[in-house]
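New to this one? Take a look at the sequence and the structure first, and then we'll walk through the main spots together.

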Amino acid sequence: MAQAAVATETQAGRHQEVGHKSLLQSDDLYQYILETSVYPREPEAMKELREITANHPWNIMTTSADEGQFLNMLLKLINAKNTMEIGVYTGYSLLATALALPDDGKILAMDINKENYELGLPVIEKAGVAHKIEFKEGPALPVLDQMVAEGKYDGAYDFIFVDADKDNYLNYHKRLIDLVKVGGVIGYDNTLWNGSVVAPPDAPLRKYVRYYRDFVLELNKALAADPRIEICQLPVGDGITLCRRLS
Ligand code: SAM
Ligand code: CA
């Protein structure tokens with residue numbers, strides 16, 4: 001193997017610092033999960049996309065391989081067909097979703113940045129699942145407002161994955177609760193926010209971690225108190241809270 005290819009493989013195979021370090025007993029344990037149960041079963045297209053993303057300067061944002069595997073399994077378990085994703089980046093969670101849906105499944109995918117989506121798009125096309133995706137470039141909130149106002153999307157979604165601007169999660173929730181079907185699931189990502197949800201006030205946190213922390217704390221409280229949903233917060237990736245709509 002050429003030197004560059006070896007470097008890419010190593011970089012892509014190592015887990016990211018943010019997201020996992022503080023959430024599991026040890027880094028080694030997490031690496032064990034990846035190497036034992038995740039990488040050996042990772043679809044070729046997802047591996048390729050993960051490796052492309054590993055070379056991108058913002059790769060810290062990508063969904064981890066174990067979370068991709070989890071999402072893929074969850075979507076199959078709930079027989080999801082019509083889904084939405086807010087926050088696409090290069091499309092790792094999007095591809096995990098697209099591969100899980102039936103051939104006539106649909107994903108409304110939104111991101112303010114189309115360039116990063118286009119970086120991963122050739123891999124998604126090669127995997128034969130691009131026809132399931134409708135990508136909308138721009139902020140998600142006005143799109144959701146429009147959909148709620150139109151009324152025809154009420155209860156239309158089996159699954160919605162939210163992985164974008166954390167300071168808007170509660171605004172998203174206000175709209176998504178109408179758009180997800182009763183019995184459907186909204187997944188809010190990064191709800192453990194690199195473990196910072198339990199950090200003491202004077203802890204040395206990166207600037208962006210500190211900034212969004214209060215929003216994540218507020219979200220977690222609000223979801224736990226929302227009688228319209230059942231919740232389950234899982235320490236997968238950087239923490240994902242699944243919300244099942246009750247009424
Ligand atoms: N799910 C992605 C993956 O698997 O790689 C990671 C998403 S990344 C953590 C967050 C994304 O949210 C970024 O690509 C960013 O451009 C997007 N974003 C930020 N603000 C947004 C907004 N208001 N509406 C839609 N997307 C937004
Ligand atoms: Ca995330």
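Is asparagine 190 buried or exposed? Asparagine 190 is buried, because its relative accessible area is 13%, under the 20% cut-off. Keep in mind that what you're looking at is a predicted model. Asparagine 190 is also one of the residues that hold the calcium ion (ligand 2), which makes the metal a handy place to begin.

**The calcium ion and its donors**

- The calcium ion (ligand 2) is coordinated by Asp163 (OD), Asp163 (OD), Asp189 (OD) and Asn190 (OD1), with distances of 2.2 to 2.8 Å.
- Written along the sequence, the spacing of these donor residues is D-x25-D-N.
- Aspartate 189 is buried, as its relative accessible area comes to 3%.
- Asparagine 190 has a backbone quirk too: its phi is near 70 degrees, a positive value in a residue other than glycine.

**The loop between S5 and H9**

- Asparagine 190 has its place in the loop between S5 and H9, and tryptophan 193 is found in that loop as well.
- Tryptophan 193 also has a positive phi for a residue other than glycine, near 40 degrees.
- With a relative accessible area of 7%, tryptophan 193 is buried.
- Serine 196 lies in the loop that runs between strand S5 (180-189) and helix H9 (207-224).
- Serine 196 counts as buried, at 2% relative accessibility.
- Setting aside residues up to four places away in sequence, serine 196 touches Leu205, Val209 and Arg213.

**Around ligand 1**

- Ligand 1 has 19 residues around it, and Thr63, Gly87, Ser93, Asp111 and Asp163 come nearest.
- Asp163 turns up twice in this tour, as it is among the calcium donors too.
- On the backbone side, an N or O atom of tyrosine 89 lies 3.4 Å from an oxygen atom of ligand 1.
- Alanine 140 also offers a backbone N or O atom, at 3.1 Å from a nitrogen atom of ligand 1.
- For aspartate 165, an N or O atom in the side chain is 3.1 Å from a nitrogen atom of ligand 1.
- Ligand 1 exposes 600 Å² when taken alone, and the protein buries 89% of that.

**The nonpolar cores**

- In soluble globular proteins, nonpolar side chains tend to be buried together.
- The largest nonpolar core here has 35 residues, and Leu94, Leu95, Tyr117, Ile124, Ile133 and Phe159 are those with the most contacts inside it.
- Helix H5 (residues 92-100) gives this core its largest share, six residues.
- There is also a second, separate core of 24 residues, including Met110, Ile160, Tyr169 and Ile186.
- Helix H5 is largely enclosed by the rest of the structure, because eight of its nine residues are buried.
- Among the buried residues of H5 are Tyr92, Ser93, Leu94 and Leu95.
- Phenylalanine 159 has contacts with Leu71, Leu74, Leu75, Ile78, Ala80, Asn82, Thr83, Met84, Val185 and Gly187, leaving aside its neighbours within four places in sequence.

**Glutamine 31 and glutamate 42**

- Glutamine 31 lies in helix H2 (residues 27-38).
- Glutamine 31 is buried, with 7% relative accessible area.
- The side chains of glutamine 31 and glutamate 35 are joined by a polar contact of 2.8 Å.
- An α-helix has 3.6 residues a turn, so residues three or four places apart point the same way.
- Glutamate 42 has its place in the loop between H2 and helix H3 (44-54).
- Glutamate 42 counts as buried, at 10% relative accessibility.
- Not counting residues up to four places away in sequence, glutamate 42 touches Lys47, Arg50, Ala65 and Tyr92.
- Glutamate 42 and aspartate 66 are 24 residues apart along the chain, and their C-alpha atoms are separated by 9.1 Å.

**Arginine 228**

- Arginine 228 is found in the loop between H9 and strand S6 (229-234).
- Arginine 228 is partly exposed, with a relative accessible area of 35%.
- Its contacts, not counting residues up to four places away in sequence, are with His173, Ile177, Arg244, Arg245, Leu246 and Ser247.
- The C-alpha atoms of arginine 228 and valine 209 are separated by 29 Å, with their positions 19 residues apart along the chain taken as the spacing apart.

Key: Residues numbered from 1 in each chain as written. Chains lettered and ligands numbered in written order. Predicted model: local features only at pLDDT ≥ 70, side-chain atom pairs only at ≥ 80, totals over all residues. Heavy atoms only, no water. Donors = N, O, S within 2.8 Å, 3.2 Å for Na, K, Ca; no water. Buried < 20%, exposed > 50% of the residue type's maximum accessible area, 1.4 Å probe, protein only. Helix = DSSP H or I, 4+ residues; strand = E, 2+ residues; numbered from the N terminus. Contact = heavy atoms within 4.5 Å. Core = buried A, V, L, I, M, F, W, Y, C linked by side-chain atoms within 4.5 Å. Near = heavy atom within 4 Å. Polar contact = N/O pair within 3.5 Å; in protein donor to acceptor, adjacent residues only side chain to side chain. Areas by Shrake-Rupley, 256 points an atom, 1.4 Å probe, with all protein chains shown as cover.
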